[in-house]
Amino acid sequence: MPLTKSDKIWMDGELVDWDDATVHILTHTLHYGCGVFEGIRTYETASGPAVFRLTDHIVRLFDSAKIFLIDVPYSIDQLVEATKETVRVNGLASCYVRPLVYLGYGEMGLNPLPCPVNVSIAVWPWGSYLGDEGIRNGVRMKISSWQRHDVNAMPPAAKGTGMYINSSMAKVEAIKAGYDEAILLNPQGFVSECTGENIFVVRDGRIVTPPTSAGALEGITQSCIHTIAVDLGIDYEVGNILRSDLYTADEAFLSGTAAEVVPIRSVDDRELGEPGPVTRKVQETYFAAVKGEVDRYKDWNEHV
Ligand code: PMP
């Protein structure tokens, strides 16, 4: 589905018309994939649009940049404010938000250090990433023949633009085979995560999710699920998961800012059935939290 345009995109401090937000063909990141980004959502709440866990996302953006030795020419506060401004000027009650730090035009070659560092923030209306039907009834997953990066090949804590070639290949393979989404194993054979989401299994009422050392990104939605689970009195554990654990789980689900909280219906054609009670409870609480309906999580809603 083509993007729904909004009015303005923030580029290095200027609000530029959507159609004019272009870069030179010799933009360094376009060639070598050395850039970092975030994916954030703004939700409509009773007291106006609120960017969900905005500061945490911008902090992660800076951490990603630090890992790649990219010096972001703004402060965390400046990019938090710039994001709020971009959401405000576009007048959207809810939207997806994409900050990008990229190496610009001016130098070529594999040493990125002399390159100019540019920053953009785009927002646009974006519905459920894996579809409303997936959120309601669950998605069909395939374990990819592509492995997640080894932790010493690509740092899983960073959202680096070039790292997502791995995710794209897994996604295409899964879609072409008739599934909704892929699950990647790491080089040691443990479950890592999905192409843009963390993964969870539920067994005997306990939630288990793989550690960052298995190649998973430290998801912000994942950390919400941790908090929600603890508050609901559900056991939550970070630990390695085997492929067969997915096949025999009582329930499984995935989480990410774009995807939100989505039940898993089947893995490699092993049916897990209807979304289970733990998945439903966590999903319901998450959707209430993003809309500012849970007092205890109101700090997560950063109003613009
Ligand atoms: N893993 C990967 C590879 C991702 O790209 C994302 C999306 N940022 C996630 C997990 C989920 O992270 P979050 O909940 O912070 O969006």
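**Exercise 1. Contacts and burial of E38**

Determine which residues E38 touches in this predicted model, leaving out those up to four places away in sequence, and decide whether E38 is buried or exposed.

*Solution.*

Step 1. List the contacts. Beyond the excluded sequence neighbours, E38 touches H57, R60, L61, Y96, V97, R98, P99 and K159.

Step 2. Look for a polar contact between side chains. One of 2.7 Å joins E38 and H57.

Step 3. Place the residue in the fold. E38 belongs to the loop that runs between β3 (35–37) and β4 (40–45).

Step 4. Classify the exposure. The relative accessibility of E38 is 0%, and therefore this residue counts as buried.

**Exercise 2. The surroundings of the ligand**

State where the ligand sits, which residues come nearest to the ligand, and how much of the ligand's area the protein buries.

*Solution.*

Step 1. Locate the site. The ligand occupies the largest pocket.

Step 2. Identify the shell. There are 16 residues around the ligand, and the nearest of them are Y164, E193, I220, T221 and T257.

Step 3. Assign secondary structure. At least two residues of this shell come from α6 (220–232), and at least two come from β14 (251–256).

Step 4. Examine the polar distances to oxygen atoms of the ligand.

- Y164: a side-chain N or O atom is 2.5 Å from an oxygen atom of the ligand.
- T221: a polar atom of the side chain is 2.6 Å from an oxygen atom of the ligand.
- I220: a backbone N or O atom is 2.7 Å from an oxygen atom of the ligand.

Step 5. Evaluate the covered area. The ligand taken alone exposes 380 Å², of which the protein buries 95%.

**Exercise 3. T221 within its helix**

Establish in which helix T221 is found and which residues are in contact with T221 apart from its neighbours within four places in sequence.

*Solution.*

Step 1. Assign the element. T221 is part of helix α6.

Step 2. Collect the contacts. With those sequence neighbours set aside, T221 contacts S255, G256, T257, E260, V261 and Y286.

Step 3. Apply the cut-off for burial, which is under 20% relative accessible area. T221 has a value of 3%, so T221 is buried.

**Exercise 4. The position of A249**

Describe where A249 is found, and state how far apart A249 and D150 are in sequence and in space.

*Solution.*

Step 1. Assign the element. A249 lies in the loop linking α7 (243–248) to β14.

Step 2. Classify the exposure. The relative accessible area of A249 is 9%, so A249 is buried.

Step 3. List the contacts. Not counting residues up to four places away in sequence, A249 touches V201, V202, R203 and L272.

Step 4. Compare the separations. A249 and D150 are 99 residues apart in sequence, and their C-alpha atoms are 26 Å apart in space.

Terms used
Residues numbered from 1 in each chain as written. Predicted model: local features only at pLDDT ≥ 70, side-chain atom pairs only at ≥ 80, totals over all residues. Heavy atoms only, no water. Helix = DSSP H or I, 4+ residues; strand = E, 2+ residues; numbered from the N terminus. Buried < 20%, exposed > 50% of the residue type's maximum accessible area, 1.4 Å probe, protein only. Polar contact = N/O pair within 3.5 Å; in protein donor to acceptor, adjacent residues only side chain to side chain. Contact = heavy atoms within 4.5 Å. Near = heavy atom within 4 Å. Areas by Shrake-Rupley, 256 points an atom, 1.4 Å probe, with all protein chains shown as cover. 1 Å grid on protein atoms, 1.4 Å probe; cavity = no way out; pocket = protein on both sides within 12 Å on 5 of 7 lines; lining within 4 Å. Sits in = over half its atoms within 2 Å of the grid points.
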